[in-house]
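Thanks for making time this morning. I would like to walk through one structure with you, going from backbone to rings to pockets, and I will try to keep to what the coordinates themselves give.

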Amino acid sequence: MTERQSEATAAGLERSLPRRAYVETAYFERERRNIFWSQWFCIGRTARFQEAGTYEAIDVAGEAAIVVRSSAGLRAHLNLCRHRGSRLLCGSGTLRGAIRCPYHGWAYDPDGRLISAPFVDDEALPSEVRRLHPVEIDSWGGFAFVRVAREGQPTPLLEQLGDAPQRVANYRLDRLRVGRTMQYDVRANWKVILENYNECYHCAGVHPELCRIVPAFKRRGGSELDWERGIEHRPGAWTFSFDGTSDRRPFAQLNDDERTRHKGELLYPNFMLSLSADHAAAFTLWPQSPERTVIVCDLLFDPAEMERSNFDPGDAAAFWDLVNRQDWAVCEGVQAGMQSRAFRYGYYAPMEDYSLDIRRYVERHLGPQAVAIEEEDVRP
């Protein structure tokens with residue numbers, strides 16, 4: 001054990017992932033194969049695919065896919081024509097009967113079956129070109145998840161989600177609708193963002209407005225938070241807005257604690273969920289590179305509240321936009337600091353225990369060497 005390691009152990013501090021986990025392209029490539037493509041990846045709400053034929057082209061960490069509503073339900077395919085490899089669709093819209101390749105006109109039905117190959121004898125077509133590459137798709141709570149890897153046996157979605165569905169069952173997420181969407185382009189590694197979400201050691205200094213609504217966030221560095229029961233707001237406050245109140249009614253199925261407290265869930269690899277009594281903030285992370293992540297924040301509300309003539313999500317949206325930008329700014333500061341050649345790894349303070357989960361998650365999917373501090377990392 002080095003002197004530096006000994007000092008860290010004596011102080012009760014755990015080392016973070018090594019520098020390479022946050023800045024190296026080769027490391028990100030391993031994450032793409034073993035995490036983003038092989039695990040269930042949240043792509044947002046299913047409601048945008050309500051009508052038959054509606055589609056959206058998505059990019060899952062560099063792998064292009066199509067999600068489409070067929071007559072049989074949600075379907076997903078790689079965005080790749082089986083003829084010459086052309087991209088099939090871009091953006092979003094509604095199909096005019098078929099998924100048609102813009103290059104040579106090969107056409108597929110929404111379920112991925114080849115229905116037309118102009119001027120090619122049907123008997124000449126190999127069996128493997130008669131269907132688009134399938135992508136597994138499933139849903140929970142009104143959210144769609146895809147698994148783009150074609151190899152291996154996937155973990156069932158509910159198994160990957162663990163106990164979270166039971167913890168948030170009273171919020172009836174499947175019933176909620178999007179009232180406002182905000183998108184951010186953050187110059188930080190996806191793990192930096194998840195680590196930040198998973199602790200409140202930073203809250204007192206970074207989020208003064210949030211801490212006025214939730215004073216528990218600044219007590220003892222946020223080390224005594226009861227996430228199972230929910231985090232209490234200050235007296236008289238019960239939601240996320242600048243005064244902690246709203247004219248929206250609480251969700252009908254909540255218990256007494258959930259009407260005055262809020263809950264949060266981090267669902268690896270790319271989904272963060274914050275739940276208050278009248279709305280939910282759902283964050284999907286779209287990793288672009290080792291140092292860039294696009295984040296989509298959907299604010300979800302009860303449909304009955306949205307139908308009221310005075311419905312206005314602006315109070316929640318303004319509050320969340322402020323808190324989000326505060327978080328993204330500090331995450332970008334961390335990412336910038338990691339560029340220094342002096343940075344080898346960081347430390348987790350005792351109140352950052354939940355952030356340690358990301359080490360265990362990465363080790364489970366990339367192996368022990370991916371989280372190991374190598375000899376070159378501890379040299380002065």
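When I say that two residues are in contact, I mean that they have heavy atoms within 4.5 Å. Please also keep in mind that what you have in front of you is a predicted model.

With that meaning of contact, let me begin at Asn198, which lies in the loop between α6 (190-197) and α7 (203-206). Is Asn198 buried or exposed? Its relative accessibility is 16%, and because buried means under 20%, Asn198 counts as buried. If we leave aside the neighbours within four places in sequence, Asn198 is in contact with Leu266, Tyr268, Tyr354, Ser355 and Asp357.

One of those partners, Tyr268, takes us to the backbone, since a cis peptide bond joins Tyr268 and Pro269, with omega at about 5°. Pro269 itself is found in the loop between β14 (261-267) and β15 (271-275). As general background, most peptide bonds are trans, and most residues other than glycine have a negative phi.

On that second point there are two residues to look at, Ala61 and Phe119. Ala61 has a positive phi, near 50°, and its place is in the loop between β3 (54-60) and β4 (63-70). Phe119, also not a glycine, has a positive phi of about 65° and is found in the loop between β9 (114-116) and β10 (134-140). Their surroundings can be set side by side: Ala61 is buried, with a relative accessible area of 4%, whereas Phe119, at 90% relative accessibility, counts as exposed.

Let me turn to the rings. How many aromatic pairs does a search of the whole structure find? The search finds 18. Among them is the pair of Phe28 and Phe36, which is tilted, with 6.0 Å centre to centre and 50° between the planes; Phe28 counts as buried at 4% relative accessibility, and Phe36 counts as buried at 0%. Another pair, Tyr184 and Trp328, is edge-to-face, with 5.8 Å centre to centre and 65° between the planes. This pair links distant parts of the chain, for Tyr184 is in strand β12 (residues 177-186) and Trp328 in helix α10 (residues 314-337), 144 residues apart. Both Tyr184 and Trp328 are buried, and they belong to one aromatic cluster together with Phe240, Phe242, Phe283, Phe319 and Trp320.

Rings also meet charged side chains here. Arg15 lies over the face of Tyr345, at 5.8 Å from the ring centre, and the charged end of Lys191 sits over the ring of Tyr22, 5.3 Å from its centre.

Finally, the pockets. Rolling a probe the size of a water molecule over the atoms shows where empty space is left. The largest pocket holds about 1100 Å³ of space. It is lined by 48 residues, and the closest to its centre are Tyr197, Asn198, Gly264, Glu265 and Leu266, which brings us back to the asparagine we began with. The elements giving two or more residues to this lining are α4 (157-161), α6, β14, β15, α10 and α11 (357-366). Which element gives the largest share of the lining? That is β14, with six residues. By class, the lining has 22 nonpolar, 15 polar and 11 charged residues.

I will stop there and am glad to take comments.

Technical notes: Residues are numbered from 1 along each chain as its sequence is written. This is a predicted model: local features need pLDDT of at least 70, side-chain atom pairs count only at pLDDT 80 or more; totals for chains, interfaces and linings use all residues. Side-chain values use heavy atoms; hydrogens and water are left out. Helices (H or I, at least four residues) and strands (E, at least two) are DSSP runs, numbered from the N terminus. Buried means under 20% relative accessible area, exposed over 50%, partly exposed in between (1.4 Å probe, protein chains only). Rings of Phe, Tyr and Trp (its six-membered ring) pair if their centres lie within 6.5 Å; planes under 30 degrees apart count as stacked, over 60 as edge-to-face and the rest as tilted. A charge sits over a ring if NZ of Lys or CZ of Arg is within 6 Å of the ring centre and within 35 degrees of the ring normal. On a 1 Å grid over the protein atoms alone, a cavity is a set of points where a 1.4 Å probe fits but cannot get out, and a pocket is an open set with protein on both sides within 12 Å along at least five of seven lines; lining residues have an atom within 4 Å of a point. Grid points are joined across faces, edges and corners, and a volume is the space filled by probe spheres set on the points. Ala, Val, Leu, Ile, Met, Phe, Trp, Tyr, Cys and Pro count as nonpolar, Asp, Glu, Lys and Arg as charged, and the others, Gly among them, as polar.
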